[in-house]
Each structure stands twice: as structure tokens, then as C-alpha cells.
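Colleague: I should like to take a close look at one part of this model, namely its salt bridges. Please treat the matter in one connected account.

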Amino acid sequence: MKATLTVLGSGTSMGVPTIGCSCAVCHSSDPRDRRTRPSIMLEYGGRCVVIDTTPDFREQAIRENITHIDAIVYTHAHADHILGLDDVRPLSFRSQEKIPLYAFDATAEAVETVFRYIFDATYKYGGIGRVEMKRINGALDLFVARFEPVKVVHGNAEIHGFHFGSAAYLTDFSEIPESSMQHLHGLDTLFLDALRHKPHPSHSNVENSLRLVDLLRPRRAFFTHISHDLPHEETNASLPGHVSLAHDGLKLEFEIS
């Protein structure tokens, strides 16, 4: 089945432009240098699945004219990946069923703590999002597509990317264990964290992600979670032909089942 992947956000945790920054990228006139926090949307068979709800979710949803969401999948519980959950409210009001949120235990617990009022059955003031947490501990089947979790190391934490059909989305990692690498070879579409050129303790950089592309040999690769250190056009000109920086609003087709 054909699916469309839309990059809702391609930026790092502070976004680009970064508040108070006077650098050339933050003041660039290239719209591809404007990067909201990292997230993607998958559409297939009339369904819509979002991976992570960033603090920019409202802006992303309006830009992409999102009218419904069938499921939300979380990679981990850092602020730049979960804080847009409250902005899902208007979409949840339009749904007959609560929107399911899928996350591993540690992520689920953090989301439930941050948004305690949403999950508190005694909350009496109304207007809260109609969502429900569903814990996962392995592969997830969503509307004829299988989402296989891919363990990655993010600094000192173990989090998850996801492999679905002929594509995989790996954001926020400093290392991919060998046990995960073996499931990522020869994909059609591969998204990898590539924060900047300079090494970082909890994120991959451009050079490391290029090394991974050489090892995994996808047909095409896109770098995401990008900081203001990487101007879009200039950086793309330095990359191999099948590798490029992602940008907000990028749309790709691939086989999901």
C-alpha cells in the first residue's frame, strides 16, 4: 500500500530560528531554514498516524490542514516531542472514539505525569483532550501497517525509532546498537538524526549519519532534528545525491505494507 510521509517538523529542540539568535540561518529568507520541532505524519488507506506531538503541533497541523488523527506514536518523552499533546484537543473532539496514544512504559509514564489532568478521571472542568494511553512493548499494528520499534541510544537513555514498511524514522540518537542496525539495511527511505557537524553527546552529527548511510545503504536518506548550524541549501550541496536535509512540509511516497 502506498503511503505519504509528511515532515511536520525538522528542527532541533529549540527550533530554527532560535530565540535571540542573530546567525545567518536564523535570519535566512529560505523557508527550508525555518524548522519547527521534529515530527512526522503518515497517511495511508484513509488513516493518519502522527509520530510525536511537538510544542509546534498547532502550527504544523494548521499548515498541513490536518483534520483528523487516528493514532499518535511516541518515540520518547523529551519536551520537544510531547508538549503539543494539548493541541490535539480540537481534533479529538471531532472523533467518535478517543485518540489512542502509543508509547513504551517510561515514555507513557512521563506523558501521563506532565499531562496529569488529561488522564485524571476526577478532573471536573471539561475541555480536555479525548485521548487514551496504550502501552506497548514491541511491534505495533496500526490499520494494516506494522510499526516495528527500533532501539537507539540517546545520550544515556534508550529510546525508540520506528520502522514501517519500506521506511524508518530514527530521531534523537547518538548511537544505533548493532542489534538495531541489522533491521535497517536496504530501506527505501531512512530518516536519521543529524544535529550539526560538531559532535554532540546525545545526537548524531552529519558525519556520523553519513557513515550510517554508507553502512545501511538506503535508496534515499533524510537528515532531521537539524540545528541552526546547518544552512539548508549549502549543506545539501555538500551531501551525496541520495542524501539531503529534511525540511518542514517535505512530502514523500513509499510502500507501508
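Which residues are linked with Arg63 in a network of salt bridges?

Modeller: In this predicted model, the network of salt bridges joins Arg63 with Glu64, Asp248 and Lys251. Within the network, Arg63 and Glu64 form a salt bridge whose closest N and O atoms are 2.9 Å apart. Arg63 counts as partly exposed because its relative accessibility is 35%, whereas Glu64, with a relative accessible area of 16%, is buried, the cut-off for buried being under 20%.

The structure holds 16 salt bridges, and two others merit description. One of them pairs the side chains of Asp70 and Arg47, at 3.4 Å from N to O. This pair links distant parts of the chain, 23 residues apart: Arg47 belongs to strand E3 (residues 47–51), while Asp70 sits in the loop between helix H1 (57–63) and strand E4 (71–73). Asp70 has 17% relative accessibility and therefore counts as buried; Arg47, with a relative accessible area of 36%, is partly exposed. In another salt bridge, the side chains of Asp86 and Arg89 meet at 3.3 Å, N to O. Arg89 is partly exposed, at 31% relative accessibility.

As for the setting of these pairs, the protein carries 25 positive and 33 negative side chains, and the centres of the two sets lie 4 Å apart. Its secondary structure comprises eight helices and 14 strands. Buried residues account for 54% of the 257 residues. Among contacts with a separation of 6 or more, 64% are between residues 24 or more positions apart.

Methods: Residues are numbered from 1 along each chain as its sequence is written. This is a predicted model: local features need pLDDT of at least 70, side-chain atom pairs count only at pLDDT 80 or more; totals for chains, interfaces and linings use all residues. Side-chain values use heavy atoms; hydrogens and water are left out. Helices (H or I, at least four residues) and strands (E, at least two) are DSSP runs, numbered from the N terminus. Buried means under 20% relative accessible area, exposed over 50%, partly exposed in between (1.4 Å probe, protein chains only). Contact means heavy atoms within 4.5 Å. Lys and Arg count as positive and Asp and Glu as negative; His and the chain ends are not counted. The place of a charge is taken as NZ of Lys, CZ of Arg, CG of Asp or CD of Glu. A salt bridge is a side-chain nitrogen of Lys or Arg within 4 Å of a carboxyl oxygen of Asp or Glu.
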